[in-house]
Amino acid sequence: MITAIVFVKADVARIPEVAEAIAALDGVSEVYSVTGQVDLIALVRVREHEDIAAVVADRLNKVAGVTETETHIAFRTYSRHDLESAFSIGLD
């Protein structure tokens, strides 16, 4: 699984609607409203590098109210949080 962290600047008057539209996109697992230089941070999780372009360039950047994005690709995960168990439905 490839993870991309996308910093999103949005029209301030439309941040909630922009966040909801981004969260509804296939490939986007989470969207956070944040303080600082950007308005939203979206986590994109896909299987192939080409899929990042499909999610970010082809769909996320075209959401009405998105004014700018900056995408970072994660190399490694150093979290103790076990994502596999978090998304498990309990079947072995």
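Trainee: Which residue takes a positive phi in the hairpin of strand 2 and strand 3?

Mentor: This is a predicted model, and in it the residue is G36, whose phi lies near 110 degrees, in a hairpin that has six residues between the strands.

Trainee: How many bridges pair strand 2 and strand 3, and in which sense?

Mentor: As a general idea, strands of a sheet pair through backbone hydrogen bonds, either parallel or antiparallel. Here strand 2 and strand 3 pair in the antiparallel sense over five bridges, and one pair to look for is V28, whose bridge partner in strand 3 is V44.

Trainee: In what order do the strands form the sheet?

Mentor: Four strands make an open sheet in the order 2-3-1-4, with antiparallel pairing. Strand 2 and strand 4 stand at the edges and have a single partner strand each, so one side of each is left without a neighbour in the sheet. On average, and with direction ignored, neighbouring strands of this sheet are turned by 20 degrees against each other.

Trainee: Which strands are joined to strand 1, and by how many bridges?

Mentor: Seven bridges join strand 1 to strand 4, and the two run antiparallel; in this pairing V6 stands opposite T71 in strand 4. Strand 1 is also joined to strand 3 by seven bridges, again antiparallel, and there V8 has L40 of strand 3 as its bridge partner.

Trainee: Is strand 3 largely enclosed or left open by the rest of the structure?

Mentor: Five of the seven residues of strand 3 are buried, so strand 3 is largely enclosed by the rest of the structure.

Trainee: How does helix 1 lie on the sheet, and which of its residues are buried?

Mentor: Helix 1 packs on the sheet, where it touches strand 1, strand 2, strand 3 and strand 4, and its direction makes about 165 degrees with that of strand 2. The buried residues of helix 1 are I15, V18, A19 and I22; they cover an arc of only 100 degrees around the axis, which puts them on the same side of helix 1.

Trainee: Which residues of helix 2 are buried, and what do they pack against?

Mentor: In helix 2 the buried residues are I52, V55 and V56, and, seen down the axis, they fall within an arc of 80 degrees, so they line one face of the helix. These buried residues pack against strand 1, strand 2, strand 3 and strand 4, and helix 2 lies across those strands, running at about 140 degrees to strand 3.

Trainee: Which residues touch the most other members of the largest nonpolar core?

Mentor: In soluble globular proteins, nonpolar side chains tend to be buried together. In this model the largest nonpolar core has 21 residues, and I22 and V44 touch the most other members. Strand 1, helix 1, strand 3 and helix 2 are the elements that give two or more residues to this core, and the largest share, five residues, comes from strand 1. Leaving aside residues up to four places away in sequence, I22 touches V8, V28, V31, L40, A42, L60, V63 and V66.

Trainee: Where is the salt bridge, and what does it tie together?

Mentor: The structure holds one salt bridge, in which the side chains of E30 and R45 meet at 2.8 Å, N to O. E30 lies in strand 2 and R45 in strand 3, so the pair ties together parts that are 15 residues apart in sequence. E30 itself is partly exposed, with a relative accessible area of 23%.

Terms used:
Residues numbered from 1 in each chain as written. Predicted model: local features only at pLDDT ≥ 70, side-chain atom pairs only at ≥ 80, totals over all residues. Heavy atoms only, no water. Salt bridge = Lys/Arg side-chain N within 4 Å of Asp/Glu carboxyl O. Buried < 20%, exposed > 50% of the residue type's maximum accessible area, 1.4 Å probe, protein only. Core = buried A, V, L, I, M, F, W, Y, C linked by side-chain atoms within 4.5 Å. Contact = heavy atoms within 4.5 Å. Arc of directions from axis to C-beta. Pairing = 2+ DSSP bridges. Axes fitted to C-alpha atoms, helices over the stretch in contact; angles between N-to-C directions.
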